[in-house]
Every structure is written in structure tokens, then in C-alpha cells.
Amino acid sequence: MADKEPLVGIIMGSQSDWPTMTNAANTLDKLEINHEMRVISAHRTPHRLTEYATEARGNGLKVLIAGAGMAAALPGAAAALTPLPVLGVPMEGKVMGGLDALLAMSQMPAGIPVGTLAVGRSGAVNAAILAASILALEDQGIAARLDQFRADQTAAIVEQPQD
Ligand code: RP5
């Protein structure tokens with residue numbers, strides 16, 4: 001997929017977020033959706049954020065997935081700089097298990113939305129699936145792969161618990 005332009009930008013506030021955000025990347029890989037990853041901190045690298053977010057649409061990206069913990073400003077700050085849909089993934093933190101990031105990320109003022117997902121791995125996986133749903137509106141190939149992904153997932157669920 002390296003030869004195709006990325007449709008989804010996965011950004012994260014720190015290298016320490018990668019073990020969680022890799023789940024978003026892996027899910028996009030399964031759906032064969034081209035993506036790129038960047039470490040961008042709203043607080044530590046504000047100029048990197050401004051450049052990336054303001055150029056995102058012009059660079060062909062359709063959706064941003066932003067993971068952050070603690071003050072978790074990254075998704076909201078990115079959303080302030082781009083009209084692209086921004087999906088936020090709160091990191092599971094050491095202090096409140098990620099509740100701090102969840103509340104910070106979800107409490108956006110009216111006018112600049114962030115689609116905030118669950119804390120941690122579930123949120124990262126679901127951000128990728130939601131990105132696929134958005135892209136599938138205009139891309140029949142992605143729509144077909146998303147349908148298959150969901151059908152495979154359903155088929156993999158046992159009816160009775162196994163020992
Ligand atoms: C946030 O602060 C990052 O998204 C990360 O979840 C958290 C801690 O960052 P590190 O101190 O591990 O770099 O900005």
C-alpha cells in the first residue's frame with residue numbers, strides 16, 4: 001500500500017501512545033486503507049501540528065485519527081485547524097485510567113467537533129472502523145471490505161462459551 005496516497009492520518013501526542021494507536025493502524029491495514037502515522041504534540045510541537053493539520057486536506061487526507069492522553073488537546077486543536085473529520089482516541093492514563101483524557105477530548109465547544117471514541121485499544125480499533133465507514137460512503141471497494149470485515153467478525157463469535 002506504500003505506493004498509494006494515504007487517506008487517513010493517524011496522529012498521536014507521544015511515542016508512548018503508539019502501543020495503543022498501533023491498533024488503529026493494524027485495523028486500517030486489515031481493511032486495506034492507506035494511512036500515515038505521525039507523532040505530533042499539541043503542546044510540545046505546536047508548529048508541527050499547525051503545519052500538518054492545515055495541510056492535511058490539501059495533501060489528500062480524508063480523515064484524521066488523533067490519540068492523546070492527559071490534557072488530550074491534540075484532537076481538538078487539530079479539529080480547529082482542519083475541516084476534515086477528526087476522530088479522537090483517549091489514552092489510558094496512569095492517574096484516572098484515561099477518564100481525564102476522555103472528558104477533556106469529548107468536551108469540545110460547539111462549532112469544532114471531535115468524534116471521541118472509547119478509551120484505549122477499543123477506541124483505536126473503532127476509530128479505524130469509523131474512518132472506514134466515512135470513506136466507504138464514496139468508495140465501493142472500501143465499502144465491500146468493511147462489509148466483509150463485519151461479516152467475518154460476526155462469524156468469529158462463538159454461540160456458547162468455550163472452556
Ligand atoms: C500526552 O501526554 C500524550 O498523548 C501522552 O498520552 C501523554 C504522556 O506523554 P509522555 O510523557 O509519555 O510523552 O500529550
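This report describes the surroundings of the ligand and the two largest pockets in a predicted model.

## Surroundings of the ligand

Nine positions make up the shell around the ligand: Gly13, Ser14, Ser16, Asp17, Arg44, Ala68, Gly69, Met70 and Met91. Sorted by class, this shell holds three nonpolar, four polar and two charged residues.

## Polar contacts and cover

Side chains of three residues in the shell come close to oxygen atoms of the ligand. For Ser14, an N or O atom in the side chain is 2.6 Å from an oxygen atom of the ligand. Asp17 likewise places a polar side-chain atom 2.6 Å from a ligand oxygen. In the case of Arg44, the distance between an N or O atom of the side chain and an oxygen atom of the ligand is 2.7 Å. On its own, the ligand has 360 Å² of accessible area, and the protein covers 70% of that area.

## The largest pocket

The ligand takes up the space of the largest pocket, whose volume is about 540 Å³. The lining consists of 23 residues, and those closest to the centre of the pocket are Ser14, Ser16, Asp17, Gly69 and Met70. These five residues also belong to the group around the ligand.

Divided by class, the lining of the largest pocket contains ten nonpolar, eight polar and five charged residues.

## The second largest pocket

The second largest pocket has a volume of about 190 Å³. Its lining is formed by Asn23, Asn26, Thr27, Lys30, Arg121, Ser122, Val125, Asn126, Ile129, Phe149 and Gln153. By class, the residues of this lining are three nonpolar, six polar and two charged.

Three helices each supply at least two residues of the lining of the second largest pocket: H1 (18-30), H5 (121-136) and H6 (140-155). Of the contributions to this lining, that of H5 is the greatest, at five residues. Residues of the lining that fall within the range of H5 include Arg121, Ser122 and Val125. Asn23 and Lys30 are among the lining residues within the range of H1, while Phe149 and Gln153 lie within that of H6.

Definitions and conventions:
Residues numbered from 1 in each chain as written. Predicted model: local features only at pLDDT ≥ 70, side-chain atom pairs only at ≥ 80, totals over all residues. Heavy atoms only, no water. Near = heavy atom within 4 Å. Polar contact = N/O pair within 3.5 Å; in protein donor to acceptor, adjacent residues only side chain to side chain. Areas by Shrake-Rupley, 256 points an atom, 1.4 Å probe, with all protein chains shown as cover. 1 Å grid on protein atoms, 1.4 Å probe; cavity = no way out; pocket = protein on both sides within 12 Å on 5 of 7 lines; lining within 4 Å. Sits in = over half its atoms within 2 Å of the grid points. Nonpolar A, V, L, I, M, F, W, Y, C, P; charged D, E, K, R; others polar. Points joined across faces, edges and corners; volume = space filled by probe spheres on them. Helix = DSSP H or I, 4+ residues; strand = E, 2+ residues; numbered from the N terminus.
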